[in-house]
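Reader: I would like a close look at one part of this model, the enclosed space in its interior, with enough of the rest of the chain around it that I can place that part properly. Please take your time over it.

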Amino acid sequence: MNVVAGAIAIFKQMGLNLVIGDYLAIGAIFAATDSVCTLQVLNQDETPLLYSLVFGEGVVNDATSVVLFNAIQDFDLSNLNSAAALQLIGNFVYLFISSTVLGVVAGLLSAYVIKKLYFGRHSTDREVAIMMLMAYLSYMLAELFYLSGILTVFFCGIVMSHYTWHNVTENSRVTTKHTFAALSFVAETFIFLYVGMDALDIEKWRVVSDSPKTSIQVSGILLGLVLVGRACFVFPLSFLSNLTKKSPYEKIDFKQQVTIWWAGLMRGAVSMALAYNQFTRAGHTQLRGNAYLITSTITVVLFSTMVFGLITKPLVRFLMPSSKQLNRYLSSEPVTPKSFTVPLLGDGQDSESDLGHASETHDNVRSILRPHSLRMLFQTPTRTVHSYWRKFDDSFMRPVFGGRGFVPYVAGSPTEQSVHQWEDDAKN
């Protein structure tokens with residue numbers, strides 16, 4: 001909303017021929033963040049809370065911005081009043097909930113098919129094919145019902161990783177993991193190639209070539225609005241969140257707030273795609289105002305990715321220095337499925353480095369009680385909501401849809417044999 005209000009106040013004075021729908025679309029376009037660069041620098045073992053906040057915001061922001069953009073596109077903004085504003089909010093809520101439910105249903109259906117039906121089991125080819133086709137089916141159904149495909153696929157993937165992936169054989173797990181990783185890498189490479197090639201498209205720059213000063217001003221204004229809007233969002237919400245936390249270890253300190261603020265400054269392919277959808281027709285435009293916003297979006301994406309991305313690593317290292325004691329300990333641990341680097345944390349502990357504060361020697365750190373598997377960590381949740389969800393999941397969901405530890409062992413069937421091995425090691 002800060003970006004929208006600032007754009008309305010400034011761009012009208014600059015004489016850009018934009019309507020209210022364009023201003024709302026600008027807010028949705030620049031709401032999509034690209035926090036991958038920051039996630040590559042953060043250490044999940046040292047700061048799990050900060051890592052989870054940055055990662056969760058990054059994935060949810062992209063989906064939310066697309067849903068909000070679609071709600072604006074489908075809304076009649078010719079007569080804007082309080083009733084129309086409520087209708088816009090209703091459209092957003094409808095798209096968000098409907099897309100989420102469709103993704104969850106598609107994910108649960110894939111888990112049930114592989115767990116219960118014979119034709120979906122005992123074959124790596126069929127298991128991998130069902131997982132990929134069901135994920136694609138969720139996207140196709142979302143487009144068919146004019147919902148958000150990206151949000152549907154996102155929640156379908158969450159459900160499939162929680163249930164379906166544990167119902168397939170070990171060969172299928174390895175295959176799907178590397179297949180989706182390869183497809184993700186190829187898609188990301190093509191996106192950045194497209195952004196780089198489109199930045200050199202002469203047609204859009206020719207429209208604004210007679211007034212480069214205005215184009216630079218629009219780009220600088222949008223970048224400034226992103227910086228200010230991000231600060232107005234992160235710091236007040238962090239302050240309110242800290243008011244609800246009793247333990248100092250659960251609070252978000254100022255350095256972590258700055259890291260979260262910085263992680264959301266980068267803009268990526270989603271912003272580019274939404275800008276083209278709003279301000280071009282078949283990739284072309286001859287309207288000066290639309291051309292300004294297209295070129296400015298390209299400039300903001302390239303500047304934030306290259307400049308902010310290069311500054312990210314030294315900034316995060318300065319704000320969140322790595323613990324040498326923890327690094328020495330983690331480097332000495334063997335990288336096996338049985339070595340889970342994050343111990344069971346109490347209510348007043350946010351990361352493994354917090355546990356290290358209570359120990360003065362390296363030997364004391366080694367004496368920390370550790371779980372023998374990730375499953376033990378799941379069975380001792382530290383949050384009340386998580387505890388209720390685990391009870392419901394274990395009692396009703398997993399017996400029907402499968403998941404870790406709930407698939408009966410049959411020779412050649414999708415059973416996680418490593419779980420039994422870890423349980424035997426724990427008894428010994």
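Author: A word on naming comes first: a helix here is a DSSP run of H or I of at least four residues, and helices are numbered from the N terminus. The model is a predicted one, and its secondary structure comes to 19 helices with zero strands.

When the whole structure is searched, one cavity of 30 Å³ or more is found, and the space in the largest cavity is about 30 Å³. Its lining is made up of I191, F192, V195, R267, G268, A269, V301 and T305. Two helices, α8 and α13, each supply at least two residues of that lining, and of the contributors α8 gives the most, with three residues.

Both of these helices appear again in the packing of α12, which spans residues 269-279. The buried residues of α12 are S271, M272, L274, A275, Y276, Q278 and F279, and they pack against α8 (170-198) and α13 (288-319), as well as against α2 (20-29), α4 (48-73) and α9 (202-207). The two helices that each give at least two residues to the cavity lining are therefore also among the packing partners of the buried side of α12, where buried means under 20% relative accessible area.

For the setting, it helps to know that 44% of the 428 residues in the chain are buried, and that, of the contacts between residues at least 6 apart in sequence, 77% join residues at least 24 apart. Two pairs of residues show what such separations look like in space. G15 lies in the loop between α1 (2-14) and α2, and its C-alpha atom is 8.8 Å from that of G289, although 274 residues separate the two in sequence. G15 itself counts as exposed, because its relative accessibility of 57% is over the 50% cut-off.

The second pair involves A111, which is placed in helix α5. Here the C-alpha atoms of A111 and V159 are 8.5 Å apart, with their positions 48 residues apart along the chain. A111 has a relative accessibility of 0% and so counts as buried, and, once neighbours within four places in sequence are set aside, A111 is in contact with Y163, T164, N167 and F401.

The helix that holds A111 also holds V93, since α5 covers residues 82-116. V93 is partly exposed at 37% relative accessible area, and because membership of a patch calls for over 30%, V93 passes that cut-off. V93 joins L86, I89, I97, V101 and V105 in a nonpolar patch on the surface, whose accessible area together is about 540 Å². For the chain as a whole, the exposed area is about 22,900 Å², of which carbon and sulfur atoms supply 65%.

One further residue deserves a check of its backbone. Y146 sits in the loop between α6 (124-144) and α7 (149-167), and its phi is near 60°, a positive value in a residue other than glycine. Y146 is exposed, with a relative accessible area of 69%.

To return to the part you asked about, the largest cavity holds about 30 Å³ of space, with α8 as the helix that gives the most to its lining.

Terms used:
Residues are numbered from 1 along each chain as its sequence is written. This is a predicted model: local features need pLDDT of at least 70, side-chain atom pairs count only at pLDDT 80 or more; totals for chains, interfaces and linings use all residues. Side-chain values use heavy atoms; hydrogens and water are left out. Patches are made of residues with over 30% relative accessible area and no salt bridge: like charges are joined within 9 Å, nonpolar side chains (Val, Leu, Ile, Met, Phe, Trp, Tyr) within 5 Å. Accessible areas come from the Shrake-Rupley method with a 1.4 Å probe; for residues, only the protein chains shown count as cover. A salt bridge is a side-chain nitrogen of Lys or Arg within 4 Å of a carboxyl oxygen of Asp or Glu. Buried means under 20% relative accessible area, exposed over 50%, partly exposed in between (1.4 Å probe, protein chains only). Contact means heavy atoms within 4.5 Å. On a 1 Å grid over the protein atoms alone, a cavity is a set of points where a 1.4 Å probe fits but cannot get out, and a pocket is an open set with protein on both sides within 12 Å along at least five of seven lines; lining residues have an atom within 4 Å of a point. Grid points are joined across faces, edges and corners, and a volume is the space filled by probe spheres set on the points.
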